[in-house]
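Me: I would like a close look at a single part of this protein, taken slowly and with its surroundings. Please begin from one pair of facing residues and build outward from there.

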Amino acid sequence: MSPDPKTHLAELLAAALASVAPGVTADIRLERPRDPSHGDFASNLAMQLARALKDNPRKIAERLVRELPPSPRVQKAEVAGAGFINFRLASSAKTDVVKAALAQGDAFGRGRPSGRKIQVEFVSANPTGPLHVGHGRGAAYGASLASLLAFAGDQVCREYYVNDAGRQMDILGVSTWLRYLELFDERVPFPPNAYQGDYVRDMAAQIRDAHGDRYVHPAAAVLAGAPGAPARRADGAYTPEEKEQLEQHLDGLIAAAKDLLGEEWAYIHQHALTEQLADGREDLEGYGVHFDCWFSERSLYDTGMVARAVAELEKRGHLYVQNGAKWFRSTGFGDEKDRVVQRDNGLYTYFASDIAYHMNKFERGFDRVIDIWGADHHGYIARVKGALKALDLDADRMDVALVQFVSLFRDGAKVSMSTRAGSYVTLRELRDEVGNDACRFFYLLRKQDQALDFDLTLAKSESNDNPVYYVQYAHARICSVIGQWGGDEAELAGADLAPLASAHELGLCNRIQCFAEVIGQAAADFAPHALAFYLRELASEFHGWYNAERLLVDDEAVKRARLALAVAVRQVLRNGLRILGVSAPEAM
RNA sequence: CCGCCCGUAGCUCAACCGGAUAGAGCACCGGCCUUCUAAGCCGGGGGUUAGGGGUUCGAGUCCCUUCGGGCGGGCCA
C-alpha cells in the first residue's frame, strides 16, 4: 500500500478504469477541491472519458465508483456536479501525516534525489555600485528558487556572473579617479554619465589615504585627451546628439586615464572592482543570499574561451563578415535579426562573452541551466538560445526566468531611479528599514514575472501588517505552547491521533499532507511564491484552530494528539520558511 | 511600425497546464481578551475576470480582434 493518499486514490481509480473500460488509458489526476463539501480529493476522470466512451459523464462516474476496489482509507466516494468523483478519506488516513512530519523533521516534504545537476545564476549585477531594490527582488527570487529546487531533490549550484570586463567597469574606474583628482584640486568637470554616488568618493578617499598623490595628474592633461563635452544641463535633458557627445567624452577620459596612468590604471580599476564586489557580497550575505560560485567574465577572455566560442561558430559556418564586423547568423536559429560578435575594431561584444559563458555552463555538465534576468533582457533569450543551437547544444536545457521591475513608491509618489545618477534606494537601506524577513517575504508574494509596486511608506510605517509576521507568529505561538506544556517532544511522535476529529484538525492534516505536493509543483513551475501563499494558508488554518480549541486541555490523550499536530504544523512552517530565507522565531 | 509580457474586488495580488458558487491580504463595517501570545479569531459588504467574438460538456485560463499599460527592437552593458 502506498503511503501517500493521493497515489493510493489514483491506484484505485486506475483499477476501476481497467474494469469499466478495458484498454482505455487516461491521465488520472486528483485535485484538492477548494470547497470542503466536495471532499478531500476530486477526480474529473469521468468527464475526460465522456468523449471516448460516448456517454454521459455522470453515468461513467457512477460505473467507476461501483468498480472502485474497497479501501479502509476511503470513507466515501460519490458522484457530484457534472461528473466529478469526490473522495472523502477516513480520519486515520488523514492524521497519519502527523506521524510522518514528526518522524522526518527537517526532511519532511523533501523530494527524492533526482540526480539532476542544476545551476541557478542570479543577481549578476555589474559591480559598479551598491545593489538596489531591483537586485533585491532578483536575489530573493533566485535564492529561494535554488533552495526550493534543492529541497525538491536537485543538486543545485548558485552562481553569480561577475561582469568584470567591459566599458561599465572602465567608467567606474575613471569615475573613481576623477573624484580622487578632485581631492588634490585637480578638477575635471564630472561627467553626468559617470557614476555619481557617494561610494565613488569614498573609494577615492581610500586610495588617497593609502597611496597619497601617487596617481595624480594635471586636470588639463586629462582633458586634453578627450573630445569636448556639451554644455551641462541641470535637468539632464540632453538631446540625442549631446548624449552621443557625452559618451564620446567619457570614452576620451577613459582613454586619457589609461594613457596617463599606464600600468597604474590597473590598480584603480581593480581597486574599484574589488571594493564593489566585496560590498555587494557582504550585502547579499547579510540578506541571507549565498553563492557557491562567483564566475568572472574576464576569465572567459583570459582563458581564451570567448575566442574559442566564436571560432566554434565560425567552424560551423554560422558567421559572416560585414562592414568589418563579424556577425552571427542568429536568424537561422529563431532570432529576428543577426548579431555582431566581434566589432570592426576587433573587440568582442558582450554577446560574444555571453555565448562563451553559456557554452562553459554546458561544458560544466549541468543538466539544466536557469538564468534569472531582468525583464529588460528578454530580447536576449532568442539570441543566446540560438547560439547554443548553432553550437549543437540542447537549448531546451536552458531556462530563463525574467524578473520584472520594482517600482518604488514613497508617500504615494513614484521614486525615480537611475544607477548612473546614484539616485536610488539601495537594498541595504530597504533591509534596514523593512527588515530582512519582511523584505524577502514581500518580494516572494508575487510571481517574479509580474511588475511589482513596492510602497516604501507602507512597508515601513505598517510593517506589522506584513504577512510574514502572520506566518512567523503561528510558529512562535506553537513554540510557546510547547514550552508551557514542558513535556518531552520526542514522545509526541508516538501519540495516538484518534482524538483529532474536528474540522479544524482534519483540515490541518490535509494541509500538511499537501506540503510535499506544493514543493514539487512550485519547483516544477519555478514558483517560490506558491510556497509563500501555502505557508500563509497553513498559518491561517492554524490560527483558526488555535482560537477555536484549546491545546493544553486536561484530557491527556486529547492534549497529546493536539500537541503532536501543532508540532507537525510547526515543522512544516520551519521547513517552508527556511526555503524562503525567512527566519522562524521561537518568540515574538 | 514590429516583437514579448500584462490587464481579475477601492488598493496589492492568487487561482493546482480547461473544472464545481473566481479566492486571500490591506482598507471599510460589526462582534471576540479574568483560560495556551489580540502581530490573533469570527461575521459582513464589495466582481459582466478591460470590451467584443470564437473553440466545447465547461473559459480568468486556449484562438482572433479592439482598447489600455509595461519592456524590448545598439558594432551599449
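Reply: In this predicted model, a good place to start is F41, which stands opposite F87 of strand β4. F41 falls within strand β2, residues 41–43, and this strand is joined by 3 bridges to β4, residues 84–89, the two running antiparallel. That pairing belongs to an open sheet of 4 strands, arranged in the order β1-β2-β4-β3 with antiparallel pairing. The edges of the sheet are formed by β1 (30–31) and β3 (74–80), each of which pairs on one side only. Helix α1, made of residues 5–20, packs on this sheet and touches β1, β2, β3 and β4, with its direction at about 135 degrees to that of β4. Helix α3, residues 57–67, also packs on the sheet, where it touches β3 and β4, and its direction makes about 160 degrees with that of β3.

For a view of another helix, one can turn to α21, which covers residues 556–580 and whose 25 residues, at 1.5 Å a residue, should span 36 Å; the end C-alpha atoms are indeed 36 Å apart, so the expected and modelled spans agree. Of those 25 residues 20 are buried, so that α21 is mostly covered. At its N-terminal end α21 is capped by D555, a side-chain oxygen of which lies 2.9 Å from the backbone nitrogen of A557, while just after the helix G581 takes a positive phi of about 75 degrees.

Definitions and conventions: Residues are numbered from 1 along each chain as its sequence is written. Chains are lettered from A and ligands numbered from 1 in the order in which they are written. This is a predicted model: local features need pLDDT of at least 70, side-chain atom pairs count only at pLDDT 80 or more; totals for chains, interfaces and linings use all residues. Side-chain values use heavy atoms; hydrogens and water are left out. The expected span of a helix is 1.5 Å times one less than its number of residues. Buried means under 20% relative accessible area, exposed over 50%, partly exposed in between (1.4 Å probe, protein chains only). A polar contact is a pair of N or O atoms within 3.5 Å; within protein, one must be able to donate a hydrogen and the other to accept it, and residues adjacent in sequence count only if both atoms are side-chain atoms. Two strands pair if DSSP finds at least two bridges between them. Contact means heavy atoms within 4.5 Å. Axes are lines fitted to C-alpha atoms, for helices over the stretch in contact, and angles run from 0 to 180 degrees between N-to-C directions.
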